[in-house]
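User: I am new to this structure and would like a close look at a single part of it, the sheet. Please take me through its strands and whatever packs against them.

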Amino acid sequence: MEIDGNVLAAKSLVRFGVRHMFGVVGIPVTSLANRAVALGVRFIAFHNEQSAGYAASAYGYLTARPGVFLTVSGPGCVHGLAGVSNASVNTWPTVMISGSCDQADVGRGDFQELNQIEATKPFAKLSVRASDISEIPARVAQVLDWAQSGRPGGCYLDLPTDVLHQKLSESEAEKLLTEAEKNRAKPEPYSISNSKIEEAVSLLRRAERPLIVFGKGAAYARAEHALTKLVEATGIPFLPTPMGKGLLPDTHALAATAARSLAIGKCDVALVVGARLNWLLHFGEPPKWSKDVKFILVDVSEEEIELRKPHLGLVGDAKHVIEVLSKEIKDDPFCLGSTHPWVQAISNKAKENVAKMEVQLGKDVVPFNFLTPMRIIRDAIADLGSPAPVVVSEGANTMDVGRSVLVQTEPRTRLDAGTWGTMGVGLGYCIAAAVASPDRLVVAVEGDSGFGFSAMEVETLVRYQLPVVVIVFNNGGVYGGDRRRPEEVDGPFKDDPAPTDFVPNAGYHALIEAFGGKGYLVATPDELKFALSESFSARKPAVINVVIDPYAGSESGRMQHKN
């Protein structure tokens with residue numbers, strides 16, 4: 001009996017561990033999706049390839065297995081580039097598979113013709129094509145392995161139409177699958193010299209104001225237990241990057257998040273684990289950091305360490321490196337203790353800043369500012385206990401305020417715009433989280449602008465009945481409506497809405513109701529509390545449209561830290 005390329009591609013995905021796939025089907029990949037489903041892969045069909053790609057990238061992060069998404073040729077592949085590039089910048093393992101035109105028709109203007117290998121190269125770690133049906137298993141294994149090897153990222157596999165229609169015998173297919181499986185790349189163990197480990201421990205031991213900084217690379221590596229052990233054994237304060245939040249609870253006594261400016265401005269040795277010294281950490285440079293700070297940078301990529309030129313670089317998996325450091329410390333332990341001047345300074349500043357924030361949060365401001373509804377959401381999430389929901393956040397003011405107010409107590413429970421500051425990731429991330437972590441509720445806290453990028457995917461939530469509650473902070477526009485200065489209101493189209501304006505009082509809640517989901521329109525604390533209580537309990541697709549004062553926000557493009 002013979003099988004075609006669609007069946008062989010589906011068999012390859014299943015054989016090599018793919019359990020979920022996201023995407024948008026059409027010519028020439030519909031049969032591939034159907035064959036994969038028949039073999040046990042759950043396919044989540046989206047309205048837009050961008051959102052499918054964002055879902056696959058977040059799935060790769062949450063599961064530490066490559067997230068896979070499928071697109072049609074030409075424009076479908078181009079739309080999917082958003083997901084591949086987002087994955088590569090965030091260093092999340094992701095594979096985009098696209099159909100492409102018949103190889104015999106290349107250059108003749110075939111349907112949706114595009115040189116997809118060249119189009120994807122700038123954004124992907126690896127871009128390859130299966131030029132014959134016999135190459136499919138090896139190519140599938142190759143992109144899956146490359147996506148998660150070394151520094152994870154996005155990879156691309158091109159499957160031409162003629163290859164998908166080629167046939168071979170089942171016995172030959174089994175041979176090809178077995179051979180590809182046998183030849184799969186094996187991860188090489190990391191080896192760190194004892195002298196470097198000893199130097200790192202010596203730097204931490206001698207430091208007067210040490211700090212441990214960790215990011216989503218440490219979360220991806222499942223380093224939470226190793227980090228907890230290290231922090232609590234040494235008494236060193238810690239600072240997570242936004243998606244590192246929850247590896248240790250935000251409520252931990254040594255958490256320096258609420259004293260961020262003091263922590264990074266005064267520390268003399270910083271152990272940075274799975275986080276890059278990029279814009280999120282002010283490039284590790286003055287004036288935010290001391291000019292004399294010594295960085296110990298732990299990263300899976302030697303190139304990253306060479307780029308940043310820290311005082312000391314340790315190449316390796318974050319969890320493994322922290323375990324080795326802890327083992328070295330155990331032989332000659334040290335602990336700062338709660339009365340250490342540095343620990344006390346961090347603790348006092350954090351308490352002072354939290355107290356100031358709580359004064360603002362304690363007020364019920366109506367019409368809503370950003371703080372009042374954020375406090376109500378924070379308290380409603382806390383009431384859920386464990387397992388904590390996955391919180392997805394995007395937008396300008398909404399994400400900035402949420403980063404400060406919402407509390408993460410468990411690892412990998414925060415997804416936001418990330419390293420690239422990507423807007424439009426929200427609904428894709430929600431769907432990925434619901435699929436990857438089925439025991440958790442998913443709560444999205446979105447600005448109305450961020451929500452608008454992928455709002456049609458609320459139909460996808462309803463179609464698959466995913467436990468996702470989307471909360472839209474509706475302030476009538478990007479940053480909050482018309483923010484032009486008087487001198488900017490001029491020209492022949494001055495009566496048009498401002499570039500930042502949306503339709504006033506937009507009924508975002510009605511969008512999900514059109515598909516059979518639950519919508520809520522809220523403008524007061526009691527209305528919001530009721531909507532959260534009912535939707536959280538139901539664990540069904542819902543949109544809560546929270547009306548915000550259009551003048552409550554401000555323009556924001558970088559992380560704003562006032563502590």
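Analyst:
**The sheet, from edge to edge**

In this predicted model, His20 stands opposite Arg42 of strand E3, and this pair is a good place to begin, with strand E2, residues 20–23, joined to E3 by four bridges and running parallel to it. Moving outward from there, E2 and E3 belong to an open sheet of six strands, which follow one another in the order E3-E2-E4-E5-E7-E6 with parallel pairing. The edges of this sheet are strand E3, residues 42–45, and strand E6, residues 126–129, each of which has a pairing partner on one side only, while the twist from one strand to the next averages 20°.

Two helices can be placed against the E2 part of the sheet. Helix H3, which spans residues 49–63, packs on the sheet and touches E2, strand E4 (67–71) and strand E5 (94–100), and its direction makes about 165° with that of E4. Helix H18, made of residues 426–436, lies across E2 and E3, and its course is at about 165° to E2.

At the other edge, E6 pairs with strand E7, residues 154–160, in the parallel sense, and four bridges connect the two. Within this pairing, Ser127 has Tyr156 of E7 as its bridge partner. Between these strands the chain passes from E6 through helix H6, residues 136–148, to E7, making a β-α-β crossover that is right-handed.

As background for looking at the strands, side chains in a regular strand alternate between the two faces of the sheet.

Notes. Residues are numbered from 1 along each chain as its sequence is written. This is a predicted model: local features need pLDDT of at least 70, side-chain atom pairs count only at pLDDT 80 or more; totals for chains, interfaces and linings use all residues. Side-chain values use heavy atoms; hydrogens and water are left out. Two strands pair if DSSP finds at least two bridges between them. Axes are lines fitted to C-alpha atoms, for helices over the stretch in contact, and angles run from 0 to 180 degrees between N-to-C directions. Contact means heavy atoms within 4.5 Å. A crossover is right-handed if, with the strands pointing away from the viewer, the path from the first strand over the helix to the second runs clockwise.
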